[in-house]
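I open this notebook to record what I looked up in the structure. The entries follow the order in which I consulted it.

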Amino acid sequence: MSQPTAPLISIKDLHKTYVRGSEHIHAVDGITLDIQEKEYIAFVGPSGSGKTTLLHLLGCLDNPTSGELKVAERTVYSEKAAMNERDLTKLRRELYGYVFQKFYLIPTLTVEENILLPFAFYCKPDAHKNAQHLADLLGISHRLNHLPKELSGGEMQRVAIARALINKPQILLADEPTGNLDSKRSAEISDIFSKLNQEEGLTIILVTHNPAMAKSAGRMVELRDGKLV
Amino acid sequence: MPSLFGIAWKNIRRKRLRSILTIIGIALSTWVLVSLLGFNQGYESSLNKDIDNLGFQVLLTAKGCPYEAATLMLKGGTGLKYMPESIVDTVKANPEVEEVTPMLMHAVFDPNKGEEGGITAFLGIDPVTYPRMKTYLQFQQGKWFNQPQALEAVFGYEAAELEQREVGDSYLLPEADVEIKVVGVLKRSGTQDDGTIFLPIRTLQKVYKVNGQVTSVGIKVNKSTDIAKYEEELYKLPDVQVVSMAQVKQTISNLVATARVMVMSIALIAILIAMVGVMNTVLMSVLERWQEIGIMKSMGAMTSHIFKLIWFETILLTFVGGVVGSVMSWILATATDKLIRSVLPYSPTSALVQIDIILALKAIGIIMFIGIISGIYPAWKAARIRPIEAIRSTEGEL
């Protein structure tokens, strides 16, 4: 009988509280959740429900106020210890790729340079080969020498996705990736995510207001007032 | 593959006007710095050259103001006191003296000079001993005087141009109404001799009725002579002022020291302005790219990477500005020379600002060092950006 595999990401009673003057805002209020490897999970909920904050915590971009966060069996945050900034950076390099609503492409770099940008900070073999593979996969190989300003919104988001995947991450975090796109482009991006999950086995954690895209995820989790519904 | 250096370079080109203005600021500071260093280097060698070209180590004048004597030694002068010519024989009697040449400077008002008239100075010289001391003087036309009492003149290069005279022309001595003939025009020597009109000393004494008088005596001593000791001996002579090369150098250096301090202060202010300019440009750039930098950190950029990236930008700006400023200072060396001359109490005749490659590299090094210092704060500020702060600034959602 095989042992049950440990979740890729595990959170226990996670809290994130912001203090604004005398007011305490509980953006994430005691969430406990496991995310398995190769899972495609979508967080949905109204604006202000805490889904983006939760995504940032799961992506090790922000520190929780309390609770426990484990990623790939490594403790990122607990009551006893928290990873330092250097180790967090290493973890982000190894495991994560991020896609945001705004594409955050560097306007002075070409598409190819934007995709390869993470390798300005560290080296990985076959970077160029992988970039070409991703460009083919995402249908932007004919745009590699263009500047971001010469691309459409959909193409820019594909470049951002390629950049997020260039380090071959285990987890892709996407915050409203179709927020700036029309319905046709949104559907294309949604298809790409499904393909990446099913064919490449990528774990995807998505925050979206787009019901069609949320439905394409294997698991949909609703949040309200910082709590799971 | 993008490199940190490549990203920095492309970012500088992103806001071209701002980068160009910053580079201009740095270039101007470099220009001031190179010119200042070039001046420090050039002034001394130029002064030494002038003094070496005097042809004598000691000048004897009638007792008076040492500054006036120094000016006389280098530039000629007016309103002078006289010494008896017999002093030449007294000086010559010393075995340590190799050569002695008497000189008589005489200035007269020439009503035909310019629109309202002006002062013309003549230097009476001994046609035998003077050329032996001033061996560097060469003729463009003609030669020295035919006889010790000839009514003849030799014009320095600039004097000939100013008076528009050449060999064979005649020249009317002002006030005396005596006509003399131009027998020689000297080549440009880069010394005060260029602007001098030379006459035989006897002729000048006779024409202007200063017989038996001289204004100065140039003395060349043997190489083995202790000049300081010899000067002390000369002071035993009645009513003489002894001016030695060393004294002249010291006197002029003292006069110029104040001007040097002033120029250095200007350079320091210019450098400080450039430093603030660089810091402002890079800091603005960091603030504008807050999100970009945050995203880079989310992709795995370490604090050190961001620090380096911003530092590279500073170094590139200062390097380009430094090179442009050095080239500018080389091109504008003549204009700078004129500018510095206008504020100095005394300027040697040859180039005041001497710029060479070593000097330019030194200045670029200094400017880059200042740039590196200026870049620390913006780089530190950028390096401290947390990914979440950058993302939340637009993406944030509770």
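Entry 1, the sheet. I began with the strands of chain A, bearing in mind that the model is predicted. I found an open sheet of 4 strands in chain A, paired antiparallel in the order E2-E1-E4-E5. I then asked which strands stand at the edges. They are E2 and strand E5 (74–77) of chain A; each has a single partner strand, so one side of each lacks a neighbour in the sheet. I noted the turn of neighbouring strands against each other, which averages 30 degrees when direction is ignored.

Entry 2, one pairing in detail. I looked up how strand E4 (residues 66–71) of chain A is joined to E5(A): the two run antiparallel and share 3 bridges. In this part of the sheet I located A:Leu69, which has A:Tyr77 of E5(A) opposite.

Entry 3, a helix on the sheet. I next asked which strands H1(A) touches. H1(A) packs on the sheet and touches strand E1 (9–20), E2 and E4 of chain A. I recorded an angle of about 55 degrees between the direction of H1(A) and that of E2(A).

Entry 4, a helix pair. I turned to H4(A) and helix H5 (residues 153–165) of chain A, whose axes come within 10 Å and cross at roughly 145 degrees. I entered the crossing of H4(A) and H5(A) as right-handed. For the contact, I listed A:Leu134, A:Ala135 and A:Leu138 from H4(A), and A:Arg158, A:Ile161, A:Ala162 and A:Leu165 from H5(A). By class, the residues of this contact between H4(A) and H5(A) are 6 nonpolar, no polar and 1 charged.

Entry 5, the contact with chain B. I asked how many residues the contact takes from each chain. It takes 33 residues from chain A and 25 residues from chain B. On the side of chain A that touches chain B, strand E2 (23–35), helix H1 (51–58) and helix H2 (85–95) of chain A each supply at least two residues. I marked H2(A) as the source of the largest share of that side, 4 residues. I also noted that the residues on the side of chain A that touches chain B comprise 17 nonpolar, 9 polar and 7 charged.

Entry 6, confidence. I closed with the pLDDT of chain A, which has a mean of 91, with 98% of residues at 70 or more. Among the elements of chain A, I found the highest mean pLDDT (96) in strand E3 (residues 40–44) and the lowest (88) in helix H4 (residues 127–138). I keep one caution on file: where pLDDT is low, predicted coordinates should not be read in detail.

Definitions and conventions: Residues numbered from 1 in each chain as written. Chains lettered and ligands numbered in written order. Predicted model: local features only at pLDDT ≥ 70, side-chain atom pairs only at ≥ 80, totals over all residues. pLDDT = per-residue confidence, 0-100. Contact = placed C-beta atoms within 7 Å. Nonpolar A, V, L, I, M, F, W, Y, C, P; charged D, E, K, R; others polar. Pairing = 2+ DSSP bridges. Axes fitted to C-alpha atoms, helices over the stretch in contact; angles between N-to-C directions. Left-handed = near helix turned anticlockwise from the far one by under 90°.
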